[in-house]
Structure formats: C-alpha cells, structure tokens
Amino acid sequence: MMIETSGPICSVGIAHGNKLLNLSEDHQGEHTRVLNDLIRNVLKQSDVTLKELDAIAVNEGPGSFTSLRIGVVAAKGMAYALEKPLLLIPGLKALATTAKDQIPDALYYLPLIDARRDEVYLAVYNSNLEEALVSPVAQILNNELQTRLNIGVGKCVIAGTGAFKWEQFISNWPVSVAEAPLSASNLVKIAFDRWGQGDFDSVSEAKPFYLKEPNITIPKEKLISR
C-alpha cells in the first residue's frame with residue numbers, strides 16, 4: 001500500500017509488484033477526515049485485506065507540515081499494528097522517477113514542490129535518478145537559479161506542484177515539463193525496488209522529512225495582549 005498526503009491531494013494506492021492496481025484519491029484537502037475511507041475504498045477495490053499487505057509505503061516529504069504528519073503517522077500505525085515493513089519514500093525522488101518515465105532522454109530532472117510565495121522544495125537528479133549537484137533544498141526561484149545549481153547546457157525536465165511557478169519567475173532557462181501531480185502512484189516504482197532489496201525503515205524512528213522549520217503563527221489574541 002502507498003500513502004501520499006504531502007500536498008493538497010490525499011491519495012492511497014495498492015500495487016502488485018511494480019504495477020499499480022487501484023488508486024483512491026480526494027482533492028478537497030481534508031486528509032484527516034478522508035484518509036481512513038480512502039484506505040478502506042482501495043482495499044475493497046483491490047479485493048485485498050490489511051493482513052494480506054506486504055508493506056506500507058508513504059511519502060516522507062518535503063511538503064505541507066500537517067499533511068505530512070497525517071500520512072506518516074497513519075503509515076507508522078498500520079505498520080506497527082500489522083507487523084508489516086515500512087518504507088519512507090522521498091517525495092522529490094518519486095516525482096523525478098515519474099518525470100523520467102514520461103521524458104526519458106533528459107540530462108537532469110528537477111522535481112519542484114510548491115513551498116509558497118516564490119519558493120519551492122527542489123532537488124536535482126541525473127539521468128540515472130541519482131542526486132546530483134544539490135541535495136533537496138528550499139529554494140527561491142529567479143533567473144540566477146541555473147548558475148547557482150551549476151547546470152550547464154542540456155535538456156532538463158521539471159515536474160511537480162511548483163512547476164507552474166517556473167515561467168512566472170524564470171525567463172532565461174527553457175525546460176521541458178512532465179505532468180506529475182502528487183499521487184500515491186508516484187511511489188510504486190521506488191517502493192517496489194526497495195521492497196526487493198529488503199531496504200526498510202524503522203517504524204519507531206520514522207518521521208516526516210520537513211526540510212525547513214514550520215512557519216509558526218501567533219494567535220491574534222496573544223499578540224494583542226503583549
């Protein structure tokens with residue numbers, strides 16, 4: 001089972017091997033309310049019980065702080081209660097993997113996740129989907145980005161919820177765009193590879209990958225009382 005809650009879409013999928021069998025999604029942004037129903041729906045669609053699952057995979061982040069916590073806590077709870085292996089899947093690499101499936105001949109893949117204002121969560125992967133040049137980072141988009149990442153001439157592909165900002169903030173770096181919404185379907189290939197290698201995460205130590213500190217706002221009544 002794959003669980004994706006890092007963004008506005010709450011998504012749960014069931015795969016057999018590296019093939020997605022069924023997907024159950026909600027686009028209303030109410031992850032806490034709908035996640036259990038989505039899990040029940042996709043199990044029913046797939047004619048599979050919780051006990052028959054081989055492993056639980058979840059997008060570890062980066063992404064929305066609250067949304068990430070909902071998904072990771074749910075996955076940990078299921079893995080612990082069912083005594084199943086847990087797989088924390090890096091969300092940026094999952095997007096890069098989907099982008100490469102669509103456009104396989106690029107030199108670099110740049111998954112982008114919207115981090116509000118002019119900022120995105122960004123990583124760079126080479127044609128072998130290995131981290132290259134920069135590790136996952138919260139990055140402001142502007143015309144200096146190509147120089148800062150030290151990427152020369154070559155075909156680059158962007159994908160993810162931050163891709164729509166590219167033309168808004170960058171005018172000097174032409175790229176190709178892959179369609180890759182945040183979905184549990186993006187997790188299948190990496191989860192299957194790690195499952196085959198027995199590369200599992202510790203259930204007790206698993207936590208979301210936030211990448212940056214949350215923006216903590218102070219309630220108005222507390223500001224007024226100061």
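The exchange below goes through several labels used for this predicted model and the values behind them.

Me: Why is Ser-24 called buried?
Reply: Ser-24 has a relative accessible area of 7%, and buried means under 20%, so Ser-24 counts as buried. Ser-24 is found in strand 3, which covers residues 19–26, and, leaving aside residues up to four places away in sequence, Ser-24 touches Cys-10, Ser-11, Val-12, Leu-38, Asn-41 and Val-42.

Me: Cys-10 is among those contacts of Ser-24; what makes Cys-10 buried?
Reply: The relative accessibility of Cys-10 is 0%, and the cut-off for buried is under 20%, so Cys-10 counts as buried. Cys-156, at 2% relative accessibility, also falls under that cut-off and is therefore counted as buried.

Me: How many disulfides does the structure hold?
Reply: The structure holds 0 disulfides, where a disulfide would be a pair of cysteine sulfur atoms within 2.5 Å.

Me: Why is Ser-171 called exposed?
Reply: Ser-171 has a relative accessible area of 65%, and exposed means over 50%, so the label exposed applies to Ser-171. Ser-171 is found in the loop between helix 5 (166–169) and strand 11 (176–178), and from Ser-171 to Gln-197, 26 residues further apart in sequence, the C-alpha to C-alpha distance is 42 Å.

Me: What makes the phi of Arg-116 worth noting, and why is Arg-116 called exposed?
Reply: Phi of Arg-116 is near 80°, a positive value in a residue other than glycine, whereas most residues other than glycine have a negative phi. Arg-116 is found in the loop between strand 6 (108–114) and strand 7 (119–122), and with a relative accessible area of 63%, set against the cut-off of over 50%, Arg-116 is therefore exposed.

Me: Where is Leu-129, and why is Leu-129 called buried?
Reply: Leu-129 lies in the loop between strand 8 (125–126) and strand 9 (137–140), and phi of Leu-129 is near 60°, again a positive value in a residue other than glycine. The relative accessibility of Leu-129 is 15%, which is under 20%, so Leu-129 counts as buried.

Me: How do you know that the peptide bond from Gly-61 to Pro-62 is cis?
Reply: The omega of the bond from Gly-61 to Pro-62 is near 10°, and the bond is cis, while most peptide bonds are trans. Pro-62 is found in the loop between strand 4 (56–61) and helix 2 (65–82).

Me: What is the span of helix 3, and what is expected?
Reply: Helix 3, residues 91–102, has 12 residues and reaches 17 Å from its first C-alpha to its last, close to the 16 Å expected at 1.5 Å a residue. Among the buried residues of helix 3 are Gly-91, Leu-92, Ala-94 and Leu-95.

Key: Residues are numbered from 1 along each chain as its sequence is written. This is a predicted model: local features need pLDDT of at least 70, side-chain atom pairs count only at pLDDT 80 or more; totals for chains, interfaces and linings use all residues. Side-chain values use heavy atoms; hydrogens and water are left out. Buried means under 20% relative accessible area, exposed over 50%, partly exposed in between (1.4 Å probe, protein chains only). Helices (H or I, at least four residues) and strands (E, at least two) are DSSP runs, numbered from the N terminus. The expected span of a helix is 1.5 Å times one less than its number of residues. Contact means heavy atoms within 4.5 Å.
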